[in-house]
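Colleague: Could you take me slowly through one part of this model, namely its open and enclosed spaces and the stretches of chain around them? I am new to reading structures, so please connect each point to the next.

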Amino acid sequence: MKRTEPLKKAVAEALKELDGVLALRSAWGGVAPHLFCREEELDGLALWPKYPVPRTLQLIQRTHPESRLGIVARGCEERGLIEMAKRNQIDLERIRVIGLACTAEEAQICPCPKPYPSILTDMVVGERIEPMADKLVEEFLAKGREERLEFWKRQFSKCIKCYACRTVCPQCFCPECTLENELWVETGRIPPPFPSFHLVRAMHTVGKCVGCRECELSCPANIPLATLYTLIRREVEEMFGYETGEDLKAQPPLVLPMELES
Amino acid sequence: LKKILGYAGIEPERLRLEWISASEGERFAEVVKEFTETIRGLPPMKEVLR
């Protein structure tokens, strides 16, 4: 692949000044996140399938707050990092982003608003391509109310309540999750009650979801979660003019500051 | 929230948010009456979700 060599070079360069660079590594027949600390390790550097590396970075930062780390990030991951930073989940000051642009093929598998990073770094490996249209979303919008309801009833009835969508989400970090609270979601039922389980989660993505599709990619039941969350993201843009992960300074619409400036 | 209900295929009319002051007793009664009628006109949720 064309991007691998230049990316290796960029990571090797960054390693001269950093403690480590978080990226993906191919080993034992699989691809998993790995903290590259020495240049010699870079032979195993992998690009795809993508993985929610911002979450991994958060874990490392929690145990090693003083570390100076790099991260190879795609457009979605950059957006994720930005929203996480706004909610004090990571310290961007101690992170250097090495950008990776998605290929047209990748952006087709995983359509998103911006398949390349551009905010936290000037260093981007690969060519920028334009975002691809999300056909499922357009198909869904053509449905009437009853058809929509039937669609989700069918989709959500496949849910095995594994919580993968929540666990993998870079924006899900509440110490106590409403989805496990009997008050909101009746526990001990599989599939979980419709619509409470899935709509509670949908509501909680407002102003946070960056459209990385990790939820959908990790769902063992192949529920098209990103379709619902994409529609919500569009509403947030329309109602509040807020685009997730696009501006470090913009205030998320549903987050109220503790103290207003007087 | 109404938008989300719409995307989920649940009638958004089932949700209504109004601001009514404590001094507007009459208005409160009106809104409740109106909303109750709206809800009565819709099929029960139990059937919708079945």
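Modeller: Let us begin with the largest pocket, which is lined by 15 residues, and of these Arg166(A), Cys172(A), Phe173(A), Cys174(A) and Cys177(A) lie nearest its centre. Please keep in mind throughout that this is a predicted model. Two elements of chain A, helix H7 (164-168) and helix H8 (196-204), give two or more residues to the lining of the largest pocket. The space in this pocket amounts to about 290 Å³, and its lining, sorted by class, has six nonpolar, three polar and six charged residues.

From the pocket we can turn to helix H7 of chain A, where Ala164(A) has its place. Is Ala164(A) buried or exposed? Ala164(A) has a relative accessibility of 19%, and therefore it counts as buried, since the cut-off for buried is under 20% relative accessible area. Although Ala164(A) and Glu214(A) are 50 residues apart along the chain, their C-alpha atoms are separated by 9.2 Å.

In the loop between helix H6 (145-156) and H7 of chain A we find Tyr163(A), whose phi is positive, about 65°, although Tyr163(A) is not a glycine. That deserves a remark, because most residues other than glycine have a negative phi. Tyr163(A) is also buried, with a relative accessible area of 16%.

The loop between H7 and H8 of chain A holds Pro195(A), and the peptide bond that joins Phe194(A) and Pro195(A) is cis, with omega about 0°. A second cis peptide bond runs from Trp48(A) to Pro49(A), again with omega near 0°, and Pro49(A) is placed in the loop between strand E3 (45-46) and helix H2 (53-63) of chain A. Both bonds are worth noting, because most peptide bonds are trans.

Now we can move from the open space to the enclosed ones. The structure holds six cavities of 30 Å³ or more, and the largest cavity contains about 130 Å³ of space. Lining this largest cavity are 16 residues, and those closest to its centre are Cys209(A), Gly211(A), Cys212(A), Arg213(A) and Cys215(A). Helix H9 (214-218) and H10 of chain A each supply at least two residues of the lining, and H10(A) gives the most, with four residues. By class, the lining of the largest cavity has eight nonpolar, four polar and four charged residues.

The loop between H9 and H10 of chain A, the two helices just named, is the place of Asn222(A). Here too phi is positive in a residue other than glycine, with a value near 55° for Asn222(A). Which is Asn222(A), buried or exposed? At 59% relative accessibility Asn222(A) counts as exposed, because the cut-off for exposed is over 50% relative accessible area.

Finally, we can follow the chain past helix H10 (225-240) of chain A, to the segment after it in which Leu254(A) is found. Together with Met239(A) and Phe240(A), Leu254(A) forms a nonpolar patch on the surface, and the three residues have about 320 Å² of accessible area together.

Technical notes. Residues numbered from 1 in each chain as written. Chains lettered and ligands numbered in written order. Predicted model: local features only at pLDDT ≥ 70, side-chain atom pairs only at ≥ 80, totals over all residues. Heavy atoms only, no water. Patch = residues over 30% accessible without salt bridge, like charges linked within 9 Å, V, L, I, M, F, W, Y side chains within 5 Å. Areas by Shrake-Rupley, 256 points an atom, 1.4 Å probe, with all protein chains shown as cover. Salt bridge = Lys/Arg side-chain N within 4 Å of Asp/Glu carboxyl O. 1 Å grid on protein atoms, 1.4 Å probe; cavity = no way out; pocket = protein on both sides within 12 Å on 5 of 7 lines; lining within 4 Å. Points joined across faces, edges and corners; volume = space filled by probe spheres on them. Nonpolar A, V, L, I, M, F, W, Y, C, P; charged D, E, K, R; others polar. Buried < 20%, exposed > 50% of the residue type's maximum accessible area, 1.4 Å probe, protein only.
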